[in-house]
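I opened this entry to look up two things in turn, the charged pairs and then the nonpolar packing. My notes follow in the order in which I looked.

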Amino acid sequence: MLRPIVVGCALIVSGSIAGQAAETAPASVSFDGGAVKETVSGGPGDPAEGRKVFVDRGLGNCLACHANKDLSKEQFHGNVGPAVDGVAGRYDAAQLRAIVVNAKKVFGPETVMPGFYTLDVGVDVAEKFKGKTILSADQVEDVVAYLRTLKGE
Amino acid sequence: MRKTAIALLGALSLSPFALATAASADPVDEELVIDGQKMITEAPAPKVPPGHPFDEVLSGWLFREADTRAMEVDSFENPGMLNVERGEEIWNTVEGAAGKSCATCHGDVAESMKDVGAHYPKWNAKAGKPFNLELQINQCRTEQMKAEPYKFDAQDQKDLTAYIKHQSLGIPVKIDLSAGQMMDWWKKGHDRYYLRTGQLNLSCASCHEKNADHYIRADHLSQGQTNGFPTYRLKQGNLVSLHNRFRGCIRDTRAEQPKAFSDELMALEVYTAWRGEGLSVETPAVRQ
C-alpha cells in the first residue's frame, strides 16, 4: 500500500517516468502459454511479505485451500487445492505468477482457485470490492517470491 | 470423491503442468439416532428430474466434529430444543385483531403438522410462487390472525419455524415439483446454484459439489443440504435460518447478498430441497 505513494514521490522528484518501476494494470497482464514473464509490480517481490499474504484471511488466504509444511505452526490447512510443498520445483516464477494472477488462464475456467489480480470475476461483486483485485501488484510479486522459496517436499 | 478426480483430470488436459491430487476427508460412517429414532443421513439421490450430481445424498451431520454430532443425538443436549419449546408457546399464543393463535385453527401440532415441514417449499397458487414455511406462517398471520407478518429472522419466526419443522423429525424430505410452475423455479434455482458470484468467483457447486468432503481452512465442506434448518449454530448461540445461511455463503464469495425470500433465494431453496430429497428432517440440527 505504501509503495505506490513512494513511486509517486520519486516521479515528482525525478520528473521523468524513464527507469521507474511501473505497475501493469490487471487487464494489461500478458499471458504466454500459462506463464506471465514480466513482474506485474515492475519490481521484485519480498518473500517474507508473501508468506504473510499466504496466511492472511483478508489477503491471499491461500492456506484456506492449500496445505503448506512451511507453515506447520499455523492451524487449519485446507485441501481444496494441492499442497504447495515443493511447488518451486514444479513451476518457474513466470508460471507461478500466471497461477496467482488468474488461475483460470492456467487450469481452465472450471477451477475454483480465485484470480488474485484480475477483474474477470463473478457477478454481483459487493460494492466495496467492485473494480478491485484481491491482491495488489506488489502482493502478487511477494507471494510469487515466497512460492519460489518452497523447494523441499 | 469421484467428482473431484474428474475435475482434476479436466484441469490436467487443459494445463501444461502436472497436478497433485488433493487429499480428502471422508464424512463419518455412523448412524444418527435421535431419542431412539433412526435418521436417514444417507439416501440415493433423487432421479427425477434427471441430472443430480451425486449418487448418494449425505446429511451435513456426517461432516461435523464428534462433539457437535453428539449434541444432536440427545434432545436434552441439543440447545436448539429450547427454541423449539419456545415455538410451542408461540403456537398457542393469541395474537392479532382476529383473536386467534396457530392452535385455534390447527389444533394439536403433532397431528396437524406431522409431516408438513418435510414437504416445503410448496407451490402457492394464490401468490403464484413457491412458499417456504416462513412465508406460509406470515400469510397465516396476516390473513387469518390479522397480525403483523414477522420481519426476516425475528426470533419468533425462527423458533416457530423450528417447532413446526421439528414435527417432521425423521421424515424424508420430498417436495412436489409437479405443482404449478415449480419446475420453472427448480430450473432457476439450478442456474443460480452454478452461477459464479463475487470477487472470489465461486458458485455453490464450487464448494458443495466439487469440494464436498474437503476442508476449506477449518471448515469441513458438506453437500450443503437443507434438511436440518433452522439449525442451531454454536458460534452464534442461536438458531440460524436457511436464508441467513444462503446469504452468508454468498457474502463469503464477496458478492452482494440477495434479500431473504427474494425470488433468487426462493428458487435456490426449491432447488436445494430437491438436492437433499430422501434425507430425514433433522430440525433443529446442531452446527459449529
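**Salt bridges**

I began in chain B of this predicted model, where I found a salt bridge between Arg69(B) and Glu30(B), with 3.0 Å between the closest N and O atoms. I then placed both partners: Arg69(B) sits in helix α2 (residues 66–73) of chain B, and Glu30(B) in the loop between α1 (2–14) and β1 (33–34) of chain B, so the salt bridge ties together parts that are 39 residues apart in sequence. I also looked up accessibility, and noted that Arg69(B) counts as buried because its relative accessibility is 9%, whereas Glu30(B), with a relative accessible area of 37%, is partly exposed.

Next I turned to Glu31(B), which forms a salt bridge with Lys38(B), the closest N and O atoms here being 3.9 Å apart. With 55% relative accessibility, Glu31(B) counts as exposed, the cut-off for that class being over 50%.

My third pair was Glu264(B) with Arg192(B), a salt bridge whose closest N and O atoms are 3.0 Å apart. This pair links distant parts of the chain, since Glu264(B) belongs to helix α11 (residues 263–275) of chain B and Arg192(B) to helix α8 (residues 182–193) of chain B, 72 residues apart. I recorded Glu264(B) as partly exposed at 34% relative accessibility and Arg192(B) as buried at 10%. Which residues do salt bridges with shared partners join into one network here? I noted Asp124(A), Arg192(B) and Glu264(B) as joined in this way. For the whole structure, over all chains, I entered 19 salt bridges.

**Nonpolar cores**

I then looked up the largest nonpolar core, which has 38 residues, and in which Phe54(A), Val100(A), Val140(A) and Leu147(A) touch the most other members. In chain A, α2 (47–55), α4 (93–101), α5 (104–107) and α6 (137–147) each supply at least two residues of this core, and the largest share, 6 residues, comes from α6(A).

Leaving aside residues up to four places away in sequence, I listed what Val100(A) touches: Met113(A), Gly115(A), Phe116(A), Tyr117(A), Leu135(A), Val140(A), Val143(A), Val144(A) and Leu147(A). Apart from the largest core lies another, of 25 residues, and I noted Trp123(B), Trp185(B), Trp186(B) and Leu268(B) among them. As background to this part of the entry, I wrote down that nonpolar side chains in soluble globular proteins tend to be buried together.

How values were computed. Residues numbered from 1 in each chain as written. Chains lettered and ligands numbered in written order. Predicted model: local features only at pLDDT ≥ 70, side-chain atom pairs only at ≥ 80, totals over all residues. Heavy atoms only, no water. Salt bridge = Lys/Arg side-chain N within 4 Å of Asp/Glu carboxyl O. Helix = DSSP H or I, 4+ residues; strand = E, 2+ residues; numbered from the N terminus. Buried < 20%, exposed > 50% of the residue type's maximum accessible area, 1.4 Å probe, protein only. Core = buried A, V, L, I, M, F, W, Y, C linked by side-chain atoms within 4.5 Å. Contact = heavy atoms within 4.5 Å.
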